[in-house]
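User: Hi! I'm new to reading protein structures, and I'd love to work through one with you. Could we take it step by step?

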Amino acid sequence: MIDRETVKNVARLARLGLSEEEVDTFKNQLSSILGHIQILQEADVSGVSPVAHASRLTNITRADVPQLSYPPEVLLANAPDQEDNFLKVNAVLEDA
Amino acid sequence: MAKLYTLSIHEAAELLRQRKISSVELTQAHLDRIREVEPNVNAFTLVTDDLAMKQARAADQRLASGENLHPLTGIPIAIKDVICTKHITTTAGSRILENFKPPYDAAVMERLHAAGIVMVGKTNMDEFAMGSSTEHSAFFPTRNPWDLERTPGGSSGGSAAAVAAGMAMGSYGSDTGGSIRQPGSLCNLVGLKPTYGRVSRFGLIAFGSSLDQIGPFARNTRDAAILLQAIAGHDPRDATSSLQPVQDYSAALTSSIKGLRIGVPEEYWVEGTQPAVVKVVRQAIERLRDLGAEISLVSLPHTKYGVAAYYIIAPAEASANLARYDGVKYGYSYRDTSEMWEAMEKTREFGFGAEVKRRIMLGTYALSAGYYDAYYIRAQKIRALIAQDFEKAFEHFDVLVSPACPTVAFKLGEISDPYQMYLQDVFTIPANLAGICGVSIPGGFSEGLPVGLQLLGNIFREDSILRTADAFEHDTDYHKQWPGNL
């Protein structure tokens, strides 16, 4: 029930590169998994509110107090590329 | 004296306190054991032997002073590699984090260091905690100490194997759908998933944020109580962590379950469960009855939807959580292009393994326009129904009992179909969806392989399941067995 185009579209949404072989594999595997998951459509969920989490807590707030965080060098220590304490990335906008 | 690595935590703590042994001796015994059996087991992604010896010497000084002692002071512990350890490589079992050194400790590590543990290493796992066998580790599979041809379970398989093999006295893992209880079951350990919100997730690399919870592995219930006590409690940095006061778990171990109301869920006896597992668990239930518990059947009618609802919700959350791995801030980065989107897509193509990709795809699909209501919202409604099943059951019962896992440890490579692997968690998933606590304990053996008994408790009633586990342990010697052919 999942075709190659759907796989490619979902992969694009997730920014996930896939080889042609993976596209075929996921087409079959996702179809199979979703087939098993169809059982969800059988359940009577009329009048039931969806729950997003298992916590009994809601709207946890805290005072907005400025506090020290980590120095930039510490947070950038794992960065693949950086310059002058900034993360360095490929150009996001093309030249006009 | 018995070999030091075979001691329990509570026995070792007493010997350390009386200064009959030192933490340096105890730690050396475990590092020796690692040298001896780790080449066959492969439980660790990193053995931190220098750090361990340094911490052991500090623990001995603390023990000598007699001040500020904790039951875990000087005790060798292993940590699942999904828990951030400051300046110590934390991979989550993934190529994408192969060289990642966190700038901070997870909240549980802060607590454990304050207690004075000795960390012997970081343990192997399925990539980003997605899997039930450690075969989805980007590095290597871990082997089950009970049978090296078989899996220790997963995703916290390394943490389980390390304790089962005597390479650590206790360990910590994470459980999103069964990742502590299933390997606990396959490795003959006490593996406990606390109530959602009992333990801070700050510094736990996220998989399914509404489901994830850190918990301990131990070789007996008293040790599990100590290990849980050390990490339980509120942390303002995790908004889902609870202010509910923490119970005294060791005090809950009264060794009596007379009059305790134990329910046996009718829906947990499903096709696909190995007859040997059913037999062992039925015998264990009879033993609980003999110990004075009141046993009766209970219905959890929405159980059959659990795995399906989970495999929408957990991948949906994972697809969002794993969006952060873009090759920009940390981790593996594809550099061989100047095009931004291509760099990001290739980073994720080469950085993630097959199971992680599968779940990102499944989650993204379930959240995409046109499928959101049919899959994601519907799964969340079923999640509400499953939680209600448990709420009703716990009006009449203190503890529910079932198999922890439908099978004993399976052979590495035996399960290749993704959905068949997902079914390993059929009995453990509902507790994560409902946020209740659960523990797998040594329930018996089938042809030399361990069978786990699962005990489920209401929210914040870890005392009930630990008390039941302890009483069962007093009446059995399964937990005292060691893997013979290591």
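User: Is V281(B) buried or exposed?

Analyst: Keep in mind that we are looking at a predicted model. V281(B) sits in helix α8 of chain B, which covers residues 275-290. A residue needs 20 or more other C-beta atoms within 10 Å to pass the cut-off. V281(B) has 24 C-beta neighbours inside 10 Å, so it counts as buried.

User: Which residues does V281(B) touch, leaving out those up to four places away in sequence?

Analyst: Partners can come from far along the chain, so let's skip the close sequence neighbours, as you suggest. The contacts of V281(B) are then P403(B), G443(B), V451(B) and L453(B).

User: How far apart are the C-alpha atoms of V281(B) and F445(B)?

Analyst: Along the chain, V281(B) and F445(B) are 164 residues apart. In space, the separation of their C-alpha atoms is 10.0 Å.

User: Which helix gives the most residues to the largest nonpolar core?

Analyst: In soluble globular proteins, nonpolar side chains tend to be buried together. Here the largest nonpolar core has 166 residues, and Y311(B) is one of those that touch the most other members. Y311(B) also touches I33(A) and I37(A), among others. The top contributor to this core, with 10 residues, is helix α9 (residues 306-321) of chain B.

User: Let's turn to chain A. Is it compact or spread out?

Analyst: Chain A has 3 helices and 2 strands, running α-α-α-β-β from the N terminus on. Its C-alpha trace spans about 55 × 45 × 30 Å along the principal axes, and buried residues make up 17% of its 96 residues. The radius of gyration of chain A is 23 Å, well over the 12 Å from the globule rule, so chain A is more spread out than a compact globule.

User: How are α1(A) and α2(A) oriented to each other?

Analyst: Two packed helices are described by the angle between their axes and the distance between the axes. The axes of α1(A) (residues 4-13) and α2(A) (residues 20-37) come within 9 Å and cross at roughly 105°. Angles of 65 to 115 degrees fall in one class, and α1(A) and α2(A) are therefore roughly perpendicular.

User: Which element supplies the largest share of the side of chain A that touches chain B?

Analyst: In total, 42 residues of chain A are in contact with 55 residues of chain B. On the chain A side, α1, α2 and α3 each supply at least two residues. The largest share is 7 residues, and it comes from α2(A).

Note on methods: Residues numbered from 1 in each chain as written. Chains lettered and ligands numbered in written order. Predicted model: local features only at pLDDT ≥ 70, side-chain atom pairs only at ≥ 80, totals over all residues. Axes fitted to C-alpha atoms, helices over the stretch in contact; angles between N-to-C directions. Helix = DSSP H or I, 4+ residues; strand = E, 2+ residues; numbered from the N terminus. Parallel < 35°, antiparallel > 145°, perpendicular 65-115°, else oblique. Contact = placed C-beta atoms within 7 Å. Buried ≥ 20, exposed ≤ 12 C-beta atoms within 10 Å, placed from the backbone. Core = buried A, V, L, I, M, F, W, Y, C linked by C-beta atoms within 7 Å. Rg over C-alpha atoms; globule rule 2.2 N^0.38 Å.
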